[in-house]
Amino acid sequence: MDYLVKTTKNEQFIDITSLVDETVAKSGIKDGMAVVFVPHTTAGVTINENADPDVVTDILSGLNKAFPEKNGYLHMEGNSHAHIKASLMGSSCNIIIEHGKLKLGTWQGIYFCEFDGPRNRKVYIKVI
């Protein structure tokens with residue numbers, strides 16, 4: 001399934017766990033894998049804690065300290081920091097499906113990671 005994610009900030013994490021849950025439910029697959037893929041070079045996807053929003057704030061803060069927007073990068077578009085962050089997060093993740101449910105840890109959620117927004121972005125979810 002193809003989905004549109006509208007980001008509203010330059011950098012943000014959007015919890016897409018419910019979107020993946022819904023896709024799994026619609027698929028009817030009880031045991032398998034959900035593959036989440038982000039086809040962008042300045043956005044990514046990751047799994048991390050979704051109970052405390054400060055975790056996302058801390059991740060973004062740490063990434064910005066390590067890879068600030070201005071750091072003498074050579075890429076002429078001026079968004080090298082976003083490319084680096086997206087590469088670190090990765091463009092896909094796989095989640096086990098067991099008994100028709102995502103097999104995530106108690107505190108885990110799936111996040112779309114925007115590093116060069118705001119934009120309209122795509123997320124592809126394939127249930128196997």
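Q: Let's start with Val-123. Which residues does Val-123 touch, leaving out those up to four places away in sequence?
A: In this predicted model, Val-123 touches Met-1, Asp-2, Tyr-3, Val-5, Ile-16, Val-36, Phe-37, Val-38 and Phe-112.

Q: And which nonpolar core is Val-123 part of?
A: Val-123 belongs to the largest nonpolar core, which has 20 residues. Val-123 is among those with the most contacts inside that core, along with Val-20, Val-36, Leu-102 and Ile-110.

Q: Which strands and helices each supply at least two residues of this core?
A: Helix H1 (17-27) does, and so do the strands E1 (2-6), E3 (32-37), E4 (43-49), E5, E7 and E8.

Q: What lies apart from that core?
A: Another core, of twelve residues, lies apart from it. Phe-13, Ala-86, Met-89 and Tyr-111 are among its members.

Q: Back to H1. Which of its residues are buried?
A: Thr-17, Leu-19, Val-20, Thr-23 and Val-24 are buried in H1. These residues are on the same side of the helix, because they cover an arc of only 165° around the axis.

Q: What about the face turned away from the buried side of H1?
A: That face carries Ala-25 and Lys-26, which are exposed. Just after H1 comes Gly-28, with a positive phi of about 80°.

Q: Where is Lys-85, and is it buried or exposed?
A: Lys-85 is in helix H3, residues 80-89. Lys-85 counts as buried, because its relative accessibility is 0%.

Q: What does the side chain of Lys-85 make a polar contact with?
A: The partner is the side chain of Glu-11, at 2.6 Å. Leaving aside neighbours within four places in sequence, Lys-85 is in contact with Glu-11, Leu-63, Asn-64, Phe-67 and Phe-115.

Q: New topic: cysteines. How many disulfides does the count come to?
A: The count comes to zero disulfides.

Q: Why is there no bond from Cys-93 to the closest cysteine sulfur?
A: The closest cysteine sulfur is in Cys-113, and it is 9.1 Å from the sulfur of Cys-93, so it is too far for a bond. A disulfide here would need the two sulfur atoms within 2.5 Å.

Q: Are those two cysteines buried or exposed?
A: Cys-93 is buried, with a relative accessible area of 11%. Cys-113 is buried as well, with a relative accessible area of 0%.

Q: Now the backbone. Where is there a cis peptide bond?
A: A cis peptide bond joins Gly-117 and Pro-118, with omega about -5°. Pro-118 is in the loop between strand E7 (108-114) and strand E8 (120-127).

Q: Which residue other than glycine has a positive phi near 55°?
A: That is His-99. His-99 is found in the loop between strand E5 (92-98) and strand E6 (101-102).

Q: Why point out that phi and the cis bond?
A: Because most residues other than glycine have a negative phi, and most peptide bonds are trans.

Q: Is His-99 buried or exposed?
A: His-99 is exposed, with a relative accessible area of 64%.

Q: One last loop: where is Gly-105?
A: Gly-105 is in the loop between E6 and E7. Gly-105 counts as partly exposed, because its relative accessible area is 33%.

Q: How many residues and how many Å apart are Gly-105 and Gln-12?
A: Gly-105 and Gln-12 are 93 residues apart in sequence, and from C-alpha to C-alpha they are 22 Å apart in space.

Key: Residues numbered from 1 in each chain as written. Predicted model: local features only at pLDDT ≥ 70, side-chain atom pairs only at ≥ 80, totals over all residues. Heavy atoms only, no water. Helix = DSSP H or I, 4+ residues; strand = E, 2+ residues; numbered from the N terminus. Buried < 20%, exposed > 50% of the residue type's maximum accessible area, 1.4 Å probe, protein only. Polar contact = N/O pair within 3.5 Å; in protein donor to acceptor, adjacent residues only side chain to side chain. Contact = heavy atoms within 4.5 Å. Core = buried A, V, L, I, M, F, W, Y, C linked by side-chain atoms within 4.5 Å. Arc of directions from axis to C-beta.
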